[in-house]
Amino acid sequence: ARTLGATLVIGFGGGSALDGAKAIAALATNPGEIYDYLEVIGRGKPLANPALPILAVPTTAGTGSEVTRNAVIFAPAERVKVSLRSPHMLPRLALVDPELTYSLPPAITATTGMDALTQLIEPFVSCRANPLTDGICRAGLRHAVGGLRRAFAAGDDVAARRDMAFASLSGGLALANAGLGAVHGFAGPFGGMYEAPHGAICAALLPAVYAANV
């Protein structure tokens, strides 16, 4: 991106693709390497310059990365997932089209859907929750509870796919404004240590953490 003098970055795909696009957009306009800006394992410096404009087009219903200000990066040497974070990384435009998720296989529908569900529950019981995020979570949860099983059972269920696209978007908006919790706090290290889908890790941790938070 630096070499070509890119003026726009388009992220098209699942959460990893969108986060990759956001990180590229940030590093294209800022000097140094990614470890200068990473949390936990890096130097955690703030971005000095705005990122390139980002167009985010999710093809899964899970992370809500199209409306968040961070990019989750896997660091193999440290065996952990950590964030590159800045208000500059919020995409300029998010195109959320449920039709792009119709071909998702059941297993990925399930794991990404559990991430979306977790990202609606954790902000709802967060100490940073507020009436606006509560409203977003309530609406998103209704769609997730109604749509996740149906989308898993029948990938061509248009209404279920629409429900999950809305739930994922709502989860991104909620976590961006109320934060997450210990499910995602543990999921970062676990995701770096074990070859398990992020949403499956969240699903395994959610019942116990949710009960503690409530």
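**Close-up 1. The lining of the largest cavity in this predicted model is made up of 6 nonpolar, 3 polar and 2 charged residues**. The space enclosed by the largest cavity amounts to about 50 Å³, and the residues that line it are P58, T60, A61, E66, V96, D97, P98, T101, A165, S168 and L169. Helix α4, which spans residues 158–178, gives the largest share of this lining, with 3 residues. A search of the whole structure returns 2 cavities of 30 Å³ or more, and the second largest is the subject of the next view.

**Close-up 2. The second largest cavity holds about 40 Å³ of space and is lined by A61, L104, T109, T112, G113, L148, R161 and M164**. Two helices, α2 (106–124) and α4, each contribute at least two residues to the lining of this cavity, and the largest share, 3 residues, is that of α2. Sorted by class, the lining of the second largest cavity consists of 4 nonpolar, 3 polar and 1 charged residues. A61 appears in the lining of the largest cavity and again in the lining of the second largest cavity.

**Close-up 3. The largest pocket contains about 1,100 Å³ of space**. Its lining comprises 42 residues, of which D19, V72, Q119, H184 and H198 are the closest to the centre of the pocket. Several helices and strands take part, since at least two lining residues come from each of α1 (15–28), β3 (70–75), β4 (80–85), α2, α4, α5 (182–193) and α6 (198–213). By class, the lining of the largest pocket has 13 nonpolar, 21 polar and 8 charged residues. Helices α2 and α4 are among the contributors to the lining of this pocket, and these helices also each supply at least two residues of the lining of the second largest cavity shown in the preceding view.

**Close-up 4. L8, I10 and F12 form a nonpolar patch of about 320 Å² on the surface**. Within this patch, L8 belongs to the segment that precedes strand β1, which covers residues 9–13. The relative accessibility of L8 is 45%, and L8 is therefore classed as partly exposed, because that class lies between the buried limit of under 20% and the exposed limit of over 50%. The view thus centres on the surface patch to which L8 contributes together with I10 and F12.

Terms used. Residues are numbered from 1 along each chain as its sequence is written. This is a predicted model: local features need pLDDT of at least 70, side-chain atom pairs count only at pLDDT 80 or more; totals for chains, interfaces and linings use all residues. Side-chain values use heavy atoms; hydrogens and water are left out. Patches are made of residues with over 30% relative accessible area and no salt bridge: like charges are joined within 9 Å, nonpolar side chains (Val, Leu, Ile, Met, Phe, Trp, Tyr) within 5 Å. Accessible areas come from the Shrake-Rupley method with a 1.4 Å probe; for residues, only the protein chains shown count as cover. A salt bridge is a side-chain nitrogen of Lys or Arg within 4 Å of a carboxyl oxygen of Asp or Glu. Helices (H or I, at least four residues) and strands (E, at least two) are DSSP runs, numbered from the N terminus. Buried means under 20% relative accessible area, exposed over 50%, partly exposed in between (1.4 Å probe, protein chains only). On a 1 Å grid over the protein atoms alone, a cavity is a set of points where a 1.4 Å probe fits but cannot get out, and a pocket is an open set with protein on both sides within 12 Å along at least five of seven lines; lining residues have an atom within 4 Å of a point. Grid points are joined across faces, edges and corners, and a volume is the space filled by probe spheres set on the points. Ala, Val, Leu, Ile, Met, Phe, Trp, Tyr, Cys and Pro count as nonpolar, Asp, Glu, Lys and Arg as charged, and the others, Gly among them, as polar.
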